[in-house]
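Visitor: I would like to understand how the terms used for this model are decided. Could you walk me through them?

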Amino acid sequence: MDLLKGNGEKTMHYLDNAATTAVAPEVAKEITRVMETCFANPSSLYEPGLQSELLLRKSRAAVATAMGCSAGEVYFTACGTESNNIAILGAVQARSQWADHIVCTGYEHPSVENPIARLEQQGWRVTRVMPDSGGRISPEEIAKQVTSKTALVAAMQVNNETGAVIDVATLAKLVKQANNRTMVHVDGVQAWLRLPLKLSATQIDSYSVSGHKIHAPKGIGALYLRKGCNLLPPFCGGGQEKGIRPGTENLPYIAGMAAAAQMMHKTMAARKKQISELNRSLRNALLQMPDITINSPDDAVPEVLNFSVNGIRSETMLHFLEQSQVYVSSGSACSKGAASHTLGAMGLANERIDSALRVSFSKQNTPQDVEALLSGLADGIAQIQKR
Ligand code: PLP
């Protein structure tokens, strides 16, 4: 990846991989190859169409392997947002005869929170389970809210702002014990290929993923739907993706996402080690700095570390760090600088929320990035507090 100059020195310190990741060279190469050689519609009956259909099948199988499910349970979509909307709207539609209730966490991504808020306006009752002040939500706390009228339980596996993890396999088991007609939807966008999960070994009904969080481009995603799962798809069109997500398939990006999934699946253990070391060294150094409070729980995924720089607004520090080409986020990328939804749900004081920064690692990060961040923070604290 060209984040390095020829002499091995970094040109930038990109520490915002929860917002998006750089497209891996092998993924870009595969996309170009498919665009140039495999343009026929996979639904066409002649030979080039069959070649496209074959590649679609091969890509589906590769993504299924990386999700731990069968190929017939993977549906390609345009993004994580679309996957979440299809699952949520489709689940409640299919259960509207007997259900009137939805359970979700109080810190969902807008692509889960907003369709649920729309359903709430339409008359569905919604129970939102809040995290504790450390950012954690237990599966027991969520499952306790399920009644005989609950259509859907929706929870994210890894929180995009703090990296907090919910044990979604246990959650699905507990929900099914409470009501086996309730659909369990998991937003796995920040978790997929970071945490090991074999979907076929769980009772999760649907699981959303996104290409651009795993070094594929933006504009491609997938939805796992357990075989036999009852869902009324919100989109109407042709029969592509078995009618769950109609529309001519984006074959180049599908093949690119499959290449990224294979690469990420193969490198999972090595990445975990590398990223855990980066996280540990950053965390330890931040703990020594008097002006910093860590907001991520200790057992968060190592890819995400959220902290507040006391007395300095997030945007001020973000732009200060940018001068040294250190790129972090002031919250989730989609909030565009709005106050953090997750830290607010945790009940943190406004000053801590307004000064929060999120660092998020990928395999492309090195100790040089952590050093550049720490030196930028130290300079920033000294200079901005003097103003
Ligand atoms: N869910 C979570 C937890 C996310 O972090 C994101 C993106 O940031 C999404 C869903 C949406 O994914 P996409 O950008 O592919 O629509």
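Visitor: What makes the pair formed by threonine 81 and the ligand a polar contact?

Guide: Happy to explain! A polar contact is a pair of N or O atoms within 3.5 Å. A polar side-chain atom of threonine 81 lies 2.6 Å from an oxygen atom of the ligand, so this pair meets the cut-off. An N or O atom in the side chain of lysine 213 is likewise 2.6 Å from a ligand oxygen. For glycine 80, a backbone N or O atom lies 2.9 Å from an oxygen atom of the ligand. With the protein around it, 89% of the ligand's own 390 Å² of accessible area is covered (Shrake-Rupley method, 1.4 Å probe).

Visitor: Where do these numbers come from?

Guide: This is a predicted model, where local features need pLDDT of at least 70, side-chain atom pairs count only at pLDDT 80 or more, and totals for chains, interfaces and linings use all residues. Residues are numbered from 1 along each chain as its sequence is written, and side-chain values use heavy atoms, with hydrogens and water left out.

Visitor: Which residues surround the ligand most closely?

Guide: There are 14 residues around the ligand, and the closest are Thr81, Asp187, Gln190, Ser210 and Lys213. Each counts as near because one of its heavy atoms lies within 4 Å of the ligand. Helix α3 (residues 80-94) gives the largest share of this shell, three residues.

Visitor: Why is Lys213 counted as charged?

Guide: Asp, Glu, Lys and Arg count as charged, so Lys213 belongs to that class. By class, the shell has three nonpolar, nine polar and two charged residues.

How values were computed:
A polar contact is a pair of N or O atoms within 3.5 Å; within protein, one must be able to donate a hydrogen and the other to accept it, and residues adjacent in sequence count only if both atoms are side-chain atoms. Helices (H or I, at least four residues) and strands (E, at least two) are DSSP runs, numbered from the N terminus.
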